[in-house]
Every structure is written in structure tokens, then in C-alpha cells.
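Reader: I would like a close look at a single part of this model, taken slowly and with its surroundings in view.

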Amino acid sequence: MIETILKKSESSPLNQAEIVTLLSAEGSDLELLFDTAAEVKARYVGQNVYLRGLIEYSNKCIKNCKYCGVRRGNSHVIRYEMSHDEVIEVAKYAQRRKFGSLVIQSGERTDQKFVSTISSLLQEIRTLSNGELHVTLSVGEQTEEVYKTWVDAGAHRFLLRIEATNRALYEQIHPVDATHDFDKRIAAIHALRRAGFQVGTGVMIGLPNQTLEDLAGDLLFMQQIDIDMCGMGPYIEHEETPLYAQKELLMPLQERFNLSLKMVAILRILMKNINIAATTAMQAIDDEGREKAIRCGANVVMPNLTPLKYREEYFLYNNKPGVADDADTGLDVMKKNIEAAGCRIAFGEWGDSEHYNARTTN
Ligand code: 5AD
Ligand code: SF4
């Protein structure tokens with residue numbers, strides 16, 4: 001059964017039922033799934049692992065997502081915003097360590113001051129690095145004009161997770177109001193593409209009431225909108241959020257982790273030449289989460305370069321790792337582990353997705 005589906009995936013798209021079968025794989029079937037993903041990865045994108053230095057720029061957020069520790073309604077969070085100079089220091093560090101690219105991530109804000117601060121950071125990073133550092137933004141829903149402004153200011157990629165593509169599930173994990181509108185989020189992903197970004201999305205895996213059919217639907221959505229990159233990982237509950245009340249419905253953390261690995265492997269098989277991140281949430285559950293994800297399809301890692309004094313306040317979920325790691329130690333350990341997984345870190349490379357290169361040169 002699994003063999004037939006994997007064989008079919010070489011030349012044709014898979015349907016939802018087939019993806020559900022893959023998501024249910026266990027034992028030797030699961031090994032076959034992971035091995036196939038590893039082969040597809042080697043064939044289509046090679047063994048390079050690209051670095052994105054993560055800057056958690058600010059935890060100020062206008063949204064109230066029910067799963068997230070830094071939601072607007074959490075009054076225990078001390079809100080911060082890195083200064084211009086602090087961001088630039090990190091960018092210089094990333095360039096010295098030959099990162100090739102940065103991710104600027106932040107809680108969502110749409111005010112003019114935020115928009116112009118991001119623009120000026122982008123311009124300065126472009127100038128100081130002589131265009132050597134590429135920047136991914138992960139700063140939420142904005143108008144198409146704002147997205148275009150940021151492309152002009154020098155941003156290359158944008159990650160906007162849809163979080164859950166089943167509308168009913170999306171509405172269970174977000175307040176149902178104009179700030180958290182499902183259709184607007186989908187529209188924003190399309191606007192990113194029109195604005196000229198390499199576009200990434202992603203979902204959370206193991207949410208309360210989420211089914212394998214939902215997850216298969218998530219993967220089909222990614223295929224249908226033709227993303228260039230993906231960052232997805234397990235949902236991890238946080239006590240100070242409304243969704244915590246549903247923790248009895250959750251599968252054990254290790255199962256959420258295993259399901260996330262399957263999602264990575266299947267996405268690699270479905271979308272052979274995109275970039276897929278080994279996400280922090282995977283590392284939060286398993287000390288070798290990152291390497292395991294790399295072995296079965298991921299090709300991007302995002303070492304956290306946020307200054308230590310802010311990290312505790314960017315607490316999206318429990319056990320978020322690296323709150324006390326300094327960047328140098330983290331990087332050395334990561335390099336060893338990635339090599340042990342048979343891959344190599346591609347220092348100094350932008351690491352644009354092959355998918356993006358192919359769609360823009362044709
Ligand atoms: N568990 C896992 N991921 C989370 N995120 C936010 N809260 C959680 C959580 N509790 C993810 C969301 C968001 C990204 C910044 O972090 O997918 O898009
Ligand atoms: Fe804000 Fe993002 Fe958290 Fe939602 S997930 S509350 S948008 S930081």
C-alpha cells in the first residue's frame with residue numbers, strides 16, 4: 001500500500017486519502033516513508049542545510065491567537081522591541097559567521113511606525129552587508145502596499161503561517177473577529193506572492209480536534225498555492241493561553257513530534273524542491289529534533305540570534321529551547337549534529353529555494 005503510494009508520488013500528485021495513509025505509517029512503512037523523503041531531498045535539493053539567523057525583534061502584538069504565549073491578552077508578558085542598533089549588531093554578527101540570511105520575526109503590528117522601522121532595518125542590512133545577507137520577514141498580515149514597500153527596501157522572503165487550513169479548526173484556535181479573519185489571512189498569502197516575495201507558510205501539528213484529514217488538507221493547500229518554503233511544527237501548549245483548557249484532548253508530545261516528522265517527510269515528497277525548515281518547536285520536544293527533521297526532508301535551520309535578555313519574553317509555548325544558549329555555543333553544537341546527520345551547513349549562501357529559482361527563471 002505505502003509502496004504503491006510512494007511510487008505514484010514520483011510522477012503524480014497524491015490525493016487526501018493517500019496522504020492520510022502516509023500519515024498513518026508505522027514501523028517498516030514509516031522507515032520507508034522517511035527513506036523516500038531523504039532520497040527525494042538528496043536528488044532535488046542536495047545535502048546543503050541553509051542557515052537563517054533568527055531575530056525575535058519584538059513581542060508586541062495586536063492579535064490574540066488562542067494558542068500563543070505572547071498574545072495581546074497575556075498581561076504577564078513584559079513587552080519589548082529591539083533597538084535599531086541591537087538589530088544591526090546581530091546582522092553584523094550573522095554576516096561575520098557567514099549566515100547568508102536572517103529572519104526578522106515579530107508579533108503582529110500594522111502601525112506606520114512599525115512599517116517604517118522594518119523598512120529602515122531592511123535598507124541598512126542591505127547596505128551594511130553589501131547585499132550579502134538576504135532577509136526573510138515573519139511579521140504578519142499587512143496590506144499589499146506594505147509588502148511591496150518591504151520588497152523595495154530589500155526583503156526577499158516572507159513567512160506567513162496559515163496555522164490551520166480547515167476553516168472550522170482555524171476558528172477554534174483564533175478569536176472569530178476581523179483581526180483574525182481566515183479569508184484575510186489566505187488573501188495576505190496571495191498578496192505576498194504578487195508583491196514579489198518568496199513565500200512560505202506553515203501549520204501547527206497536533207492541535208486539539210485536528211484530524212489526519214485536516215493535516216493532509218494542509219499539505220494539499222501548500223501544494224495548491226505553490227509555496228516556496230515551509231515552516232511547520234508541533235503545537236505545544238502554554239499555560240497562560242485559552243487553548244490550554246483543551247489540553248486533555250491533546251496527543252502526547254512525542255506523538256505530536258512524530259507526526260511533525262511525517263508531515264515534513266510527506267511535504268518533501270509532494271513538493272520536491274521547496275525549502276523546509278527544521279523548526280524550533282520540533283527542537284523543543286526532542287533534543288535531536290532538528291537533526292531528525294533534516295534526515296527526513298528539512299533543509300533549513302534557524303539558529304536563534306536574539307539577544308539573551310529578550311529571549312525569555314518571546315515565550316510562544318512551553319519548553320521553548322535555547323533561552324539560555326549563547327549564539328556561538330549553539331552554532332558549534334548544531335554544526336556537529338548536522339554533519340552527523342550526513343548533511344553540511346552551506347555557510348555564506350542565501351539558500352533561495354530551488355522551487356523559487358525554477359518558477360522565476362522559466
Ligand atoms: N505551539 C507551537 N507553535 C506556536 N506558535 C505560536 N504559538 C505556538 C504554540 N503554542 C507558532 C505559530 C506562529 C509562530 C510565530 O509560532 O505558528 O505562526
Ligand atoms: Fe501574535 Fe503571532 Fe502570537 Fe498570534 S501567533 S498572538 S500573531 S505573536
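Is L261 buried or exposed, and what is its relative accessible area? Please also describe the helix that holds this residue.

Author: In this predicted model, L261 has a relative accessible area of 7%, and because buried means under 20%, the residue counts as buried. L261 belongs to helix α10, which spans residues 253–270. Leaving aside neighbours within four places in sequence, L261 is in contact with F34, M282, K292, A293 and C296; the C-alpha atom of I294, 33 residues apart from L261 along the chain, is separated from that of L261 by 9.4 Å.

The helix α10 also meets helix α2, residues 16–23, where the two axes come within 10 Å and cross at roughly 135°. That angle makes α2 oblique to α10, and the crossing is right-handed. From α2 the contact draws on I19, L22 and L23, while α10 supplies L259, K262, M263, I266 and L270. Sorted by character, the residues of this contact comprise seven nonpolar, no polar and one charged.

In the wider setting, the largest nonpolar core has 101 residues, and those with the most contacts inside it are L137, Y147, W150, F197, M222 and M232. To this core α10 gives the most, with 10 residues. Among the residues that M222 touches, not counting those up to four places away in sequence, are I227, M232, L267 and M271. A second, separate core of 12 residues includes C68, A164, I173 and L243. In soluble globular proteins, nonpolar side chains tend to be buried together.

Note on methods: Residues are numbered from 1 along each chain as its sequence is written. Chains are lettered from A and ligands numbered from 1 in the order in which they are written. This is a predicted model: local features need pLDDT of at least 70, side-chain atom pairs count only at pLDDT 80 or more; totals for chains, interfaces and linings use all residues. Side-chain values use heavy atoms; hydrogens and water are left out. Axes are lines fitted to C-alpha atoms, for helices over the stretch in contact, and angles run from 0 to 180 degrees between N-to-C directions. Helices (H or I, at least four residues) and strands (E, at least two) are DSSP runs, numbered from the N terminus. Angles under 35 degrees count as roughly parallel, over 145 as roughly antiparallel, 65 to 115 as roughly perpendicular and the rest as oblique. A crossing is left-handed if the near helix is turned anticlockwise from the far one by less than a right angle, and right-handed if clockwise. Contact means heavy atoms within 4.5 Å. Ala, Val, Leu, Ile, Met, Phe, Trp, Tyr, Cys and Pro count as nonpolar, Asp, Glu, Lys and Arg as charged, and the others, Gly among them, as polar. A nonpolar core is a set of buried Ala, Val, Leu, Ile, Met, Phe, Trp, Tyr and Cys residues joined through side-chain atoms within 4.5 Å. Buried means under 20% relative accessible area, exposed over 50%, partly exposed in between (1.4 Å probe, protein chains only).
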